[in-house]
Amino acid sequence: MSAAPLVTAVATPWGELPDLLLPAYGQTAVMVGTVMLVVVLLGLPAAVLVHNTGPDGLAPNPPVHRALGAVLNLGRSLPFL
C-alpha cells in the first residue's frame, strides 16, 4: 500500500486571474485613497499647528508643541510596529 502524497500540485487558473485581480486592485485603491484622505485632513493641520507652536513659529507655545510633537512622533512610528 503506497502513502498518499502530502502536497498535491494545483495548476494556476490563468484564465481566472483578471477576475481575481481586478477587484483586488480596486480594493487597494480604496484603502490607499482612504488613508491619504485621513492623512491630509488630520496630518496637515497637525503639522501646521506643531510648526507654529515651535520656538521659531508664529505663536510659540512650548507645552502644546511638546505634547503635539509627542503624539505625532508616536503616530509616525505606528507603521513600523
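Where does Thr53 lie? Thr53 sits in the loop between α1 and α2. Keep in mind that this is a predicted model. Here are some points to follow with the structure open.

1. **The loop at Thr53 and Gly54.** Start with Thr53, which counts as buried because its relative accessibility is 9% and the cut-off for buried is under 20%. A polar atom of the Thr53 side chain is 2.9 Å from the backbone oxygen of Leu49. Gly54 also belongs to the loop between α1 and α2. With a relative accessible area of 5%, Gly54 is buried. Try tracing back along the chain to Leu41: Gly54 and Leu41 are 13 residues apart in sequence, and their C-alpha atoms are 21 Å apart in space.

2. **The span of α1.** How far apart are the end C-alpha atoms of α1? They are 51 Å apart. The helix has 36 residues, so at 1.5 Å a residue it should span 52 Å, and the model agrees with that. If the sum puzzles you, remember that the expected span is 1.5 Å times one less than the number of residues.

3. **A bend in α1.** Now look along the helix for a change of direction. At Gly43 in α1 there is a kink of about 30°. The proline Pro45 comes shortly after this kink. Gly43 is also one of the residues lining the largest pocket, which is the topic of the next point.

4. **The largest pocket.** This pocket has a volume of about 270 Å³. Which helices each supply at least two residues of its lining? They are α1, running over 17–52, and α2, running over 62–77. The most comes from α2, which gives five residues. To find the lining in the viewer, select Leu42, Gly43, Ala46, Ala47, Gly69, Leu72, Asn73, Gly75, Arg76 and Pro79. Sorted by class, these are five nonpolar, four polar and one charged residues. Glycine may surprise you here, because it counts as polar in this grouping.

5. **Ala47 and Leu72 across the pocket lining.** Two residues of the lining are worth picking out, Ala47 and Leu72. Ala47 is found in helix α1, while Leu72 is in helix α2. They are 25 residues apart in sequence, yet their C-alpha atoms are 8.4 Å apart in space. Are they buried, partly exposed or exposed? Ala47 counts as partly exposed because its relative accessibility is 36%, and Leu72 is partly exposed too, at 27%. Leu72 can also be paired with Val50: these two are 22 residues apart in sequence and 8.9 Å apart from C-alpha to C-alpha.

6. **The segment before α1.** Finally, move to Ala11, which is found in the segment before α1. Is Ala11 buried or exposed? At 69% relative accessibility, it counts as exposed, since the cut-off for exposed is over 50%. Measure in your viewer from Ala11 to Pro62: the C-alpha atoms are 63 Å apart in space, with the two residues 51 apart in sequence.

Key
Residues numbered from 1 in each chain as written. Predicted model: local features only at pLDDT ≥ 70, side-chain atom pairs only at ≥ 80, totals over all residues. Heavy atoms only, no water. 1 Å grid on protein atoms, 1.4 Å probe; cavity = no way out; pocket = protein on both sides within 12 Å on 5 of 7 lines; lining within 4 Å. Points joined across faces, edges and corners; volume = space filled by probe spheres on them. Helix = DSSP H or I, 4+ residues; strand = E, 2+ residues; numbered from the N terminus. Bend = angle between axes of the 7 residues up to and from the residue. Buried < 20%, exposed > 50% of the residue type's maximum accessible area, 1.4 Å probe, protein only. Polar contact = N/O pair within 3.5 Å; in protein donor to acceptor, adjacent residues only side chain to side chain.
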